[in-house]
Amino acid sequence: MSGGGRIPLPFHDAAALALRDGQLRRNLGTVTGAIRAKRTAVTEELPDWQALRAAGKAIKDHTLRNLGHYLTQLEAAVTSRGGTVHWARDATEANRIVRELVAASGEREVVKVKSMTTDEIGLNEALAEDGVVAIETDLAELIVQLAGEEPSHILVPAIHKNRAEIRELFLRAFELDPSELNDDPADLAAAARSFLRERFLEARVAVSGANFAVADTGTIAIVESEGNGRMCLTLPETLITVMGIEKVLPSWRDLEVFLQLLPRSSTAERMNPYTSFFSGTTDGDGPSAFHLVLLDAGRSRTLADEVGRETLRCIRCSACLNVCPIYERVGGHPYGSVYPGPIGAILNPQLRGAPNDAELPYASTLCGACYEVCPVAIDIPTILIEMRRRVVEGSPRRPRRLSATVEDVALRAAARIFASPSRYEAAQRLARLGQAPFVRKGVLRNLPGQLSGWSESRDLRPIPARPFRSWWRERAATAVEEGEK
Amino acid sequence: MPRAALFVPCYVDTLYPEAAVAMVRLLERLGVQLDFPDTQTCCGQMHVNTGYQAEALPLLRNFVAAFAGAEAVVAPSASCVATVRHMYPAMAERSGDRGLIDAVTELTPRVRELSEYLVDDLGVTDVGAYFPHSVVYHPTCHSSRLLEVGDRPLALLRAVAGIRLMPMPRADACCGFGGTFAIKNAEISAAMLADKVADVLHAQAEVVVAADNSCLMHIGGGLSRQRTGVRTLHLAEVLATTEDAGSGAPA
């Protein structure tokens with residue numbers, strides 16, 4: 001994944017900075033709050049929502065267990081319908097394949113359908129190395145691209161921006177006079193439309209991702225809200241689709257489940273506005289050349305992982321972002337990846353494994369709101385705990401920390417104390433004595449070291465003189481004495 | 001007569017003994033014969049949830065040994081019960097110790113959070129409590145999402161004489177505690193707490209009640225720092241209070 005422009009800070013530091021941005025928190029709070037309420041309404045109205053979730057989970061698990069079979073079936077079907085299938089082990093290979101295809105076309109500009117996978121591999125930056133400009137045609141992706149920023153949400157990449165900020169951006173990017181544009185959403189969309197329409201009409205190469213691929217017919221499904229994606233899929237001569245290998249489904253009837261799960265979970269819509277399907281090429285209709293790049297980039301390794309593999313069920317709906325209390329307060333950028341929020345906290349350490357990714361599994365209170373809304377029932381909290389275990393214990397991909405941290409020392413000492421009832425009771429007595437310097441007016445204040453983060457904004461009651469176990473023993477002793485009288 | 005062993009988590013034992021005392025008063029009033037196996041220490045939740053699963057394994061063994069053979073194990077903590085029921089089986093499995101796996105499989109279904117024990121095992125919702133105060137109930141994340149206790153605590157509270165239950169806005173929002181999260185990401189945790197405190201104040205209750213002292217420690221820490229005058233009480237403390245005897249909590 002490319003790191004260009006992303007905040008290079010560790011999650012904790014980047015999050016602390018983001019928290020101080022009052023405008024950002026207001027923008028995020030407004031949007032996530034609204035979409036949460038809508039999602040709840042459109043999922044609760046379905047009597048069989050939980051059955052749909054179970055079906056989505058079962059279909060994905062079945063497909064992942066037989067992934068090799070369905071991928072080769074997909075390859076055969078795409079090829080028989082006039083498409084070309086390319087296999088990419090990693091981001092570099094996928095980018096090289098796309099660069100070569102674009103170079104062969106001689107084009108200097110490509111239009112893009114909103115795609116997480118091409119963001120994941122840093123395709124735009126790779127094409128830029130060849131002097132090829134990739135124009136994002138999804139409105140929010142375009143906003144982020146024009147601002148020179150990174151998406152901060154899977155579905156609403158410009159969630160961190162409000163309309164006043166977007167107007168400022170468009171005035172500069174489209175070289176408009178302030179009198180020509182106000183911050184009305186319809187006017188902003190119109191300004192983007194007139195910019196994009198020219199690009200659609202000129203473009204000869206388009207690049208897309210894929211929401212789903214149907215193995216038995218070789219059909220790619222793209223789900224979007226604006227129709228800009230469909231422009232890209234139909235007008236250019238060459239279409240290149242980059243998709244993660246986990247996106248394949250066995251057959252069309254499986255789409256019945258996912259085309260209910262996805263829109264209701266992501267945009268909180270009952271039906272998706274623009275759903276495009278295409279299978280290979282057709283003479284005189286749409287692109288005359290179709291290339292499908294199948295991307296691994298850590299997916300088959302994740303599939304081999306007994307605990308982590310269910311992460312691959314993800315359909316990138318972003319419901320988990322919208323309900324996450326951490327995401328709601330810091331936004332997507334501190335995660336340092338195109339996949340932020342709870343799903344990013346388990347996906348990045350597995351797919352990518354960048355140095356800062358070790359912090360991501362800790363960016364959660366384990367409240368479980370993500371698991372509750374996940375349309376394919378990914379048990380994110382349990383995987384977070386497993387990812388944390390691997391950070392502490394080390395794993396084949398990430399060696400154990402060389403020197404012990406303060407936390408290592410403290411928690412290992414605590415474990416030794418708790419392992420013995422007598423050491424535990426001695427520690428209770430010591431803690432009661434040791435707290436004296438920190439007690440002010442009946443509360444614990446200004447705690448030392450790493451505990452200061454707590455006492456900066458919360459009081460803590462001092463440890464009382466008598467733990468429960470002493471009360472219990474004294475009561476039992478009194479009862480015995482009274483019995484003897 | 002039903003029998004139960006008390007599982008009093010380390011932070012309740014040490015910091016909030018009155019919650020465990022209240023649970024004793026309540027259960028004895030309902031005719032439960034109680035034991036307190038005093039070799040119990042800590043279930044290891046903090047270790048497991050922070051990634052120190054290997055370090056927590058001896059704590060799991062200690063727990064299993066302390067409660068072996070108990071008819072039922074009752075705790076005033078949803079999150080510790082959730083650790084035992086949800087994490088212990090996988091941890092035992094990972095240890096490869098057949099005896100431990102069997103012991104965990106046999107014991108963990110009998111480990112119950114207080115409201116589960118009262119409503120499901122004893123079959124009571126009216127425990128004869130009297131609490132003439134306005135109360136707002138915080139459904140903790142682990143009680144509602146991991147244990148799925150649903151409205152059991154609310155059903156128990158509704159049956160309390162004299163109580164006035166106030167609705168909590170955004171009740172299902174996490175308070176921001178999250179164990180070591182409150183230390184590691186203290187700023188985000190504080191931002192979440194600020195919103196929870198605002199919601200509690202909006203409810204205009206005298207007391208915040210929950211099924212876990214850990215979340216209450218966090219919410220109460222914020223309420224105290226801001227001098228709001230709103231108290232926190234464990235569910236057991238409200239349910240233990242009767243018209244003639246008070247809560248019977250120690251001084």
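Start by selecting strands β5 (residues 134-137) and β6 of chain B in this predicted model. The two strands run parallel and are joined by 3 bridges. For one of the pairs, show S134(B): its bridge partner in β6(B) is R164(B).

Next, add the other strands of the sheet. The sheet is open, has 4 strands in the order β6-β5-β7-β8 (chain B), and its pairing is parallel. Which strands are at the edges? They are β6 (164-166) and β8 (231-234) of chain B, each of which pairs on one side only. From one strand to the next, the twist averages 35°.

Now select α12(B). This helix packs on the sheet, where it touches β7 (207-210) and β8 of chain B. The direction of α12(B) makes about 170° with that of β8(B).

Zoom out and colour chain B by domain: domain 1 covers 3-121 and domain 2 covers 134-240. Their centres, taken over C-alpha atoms, are 22 Å apart. Domain 1 of chain B puts 25 residues into the contact, and domain 2 of chain B puts in 22 residues. On the domain 1 side, α2(B) gives the most, with 6 residues. By class, that side of domain 1 has 15 nonpolar, 6 polar and 4 charged residues.

Last, show chain A as well. How many residues does each chain bring to the contact? Chain B brings 53 residues and chain A brings 49 residues. Elements of chain B that give two or more residues to the side touching chain A include α2 (17-29), α4 (53-67), α11 (186-203) and α12 (213-225). That side of chain B has 30 nonpolar, 16 polar and 7 charged residues.

How values were computed: Residues numbered from 1 in each chain as written. Chains lettered and ligands numbered in written order. Predicted model: local features only at pLDDT ≥ 70, side-chain atom pairs only at ≥ 80, totals over all residues. Contact = placed C-beta atoms within 7 Å. Nonpolar A, V, L, I, M, F, W, Y, C, P; charged D, E, K, R; others polar. Domains from an automatic or database assignment. Pairing = 2+ DSSP bridges. Axes fitted to C-alpha atoms, helices over the stretch in contact; angles between N-to-C directions.
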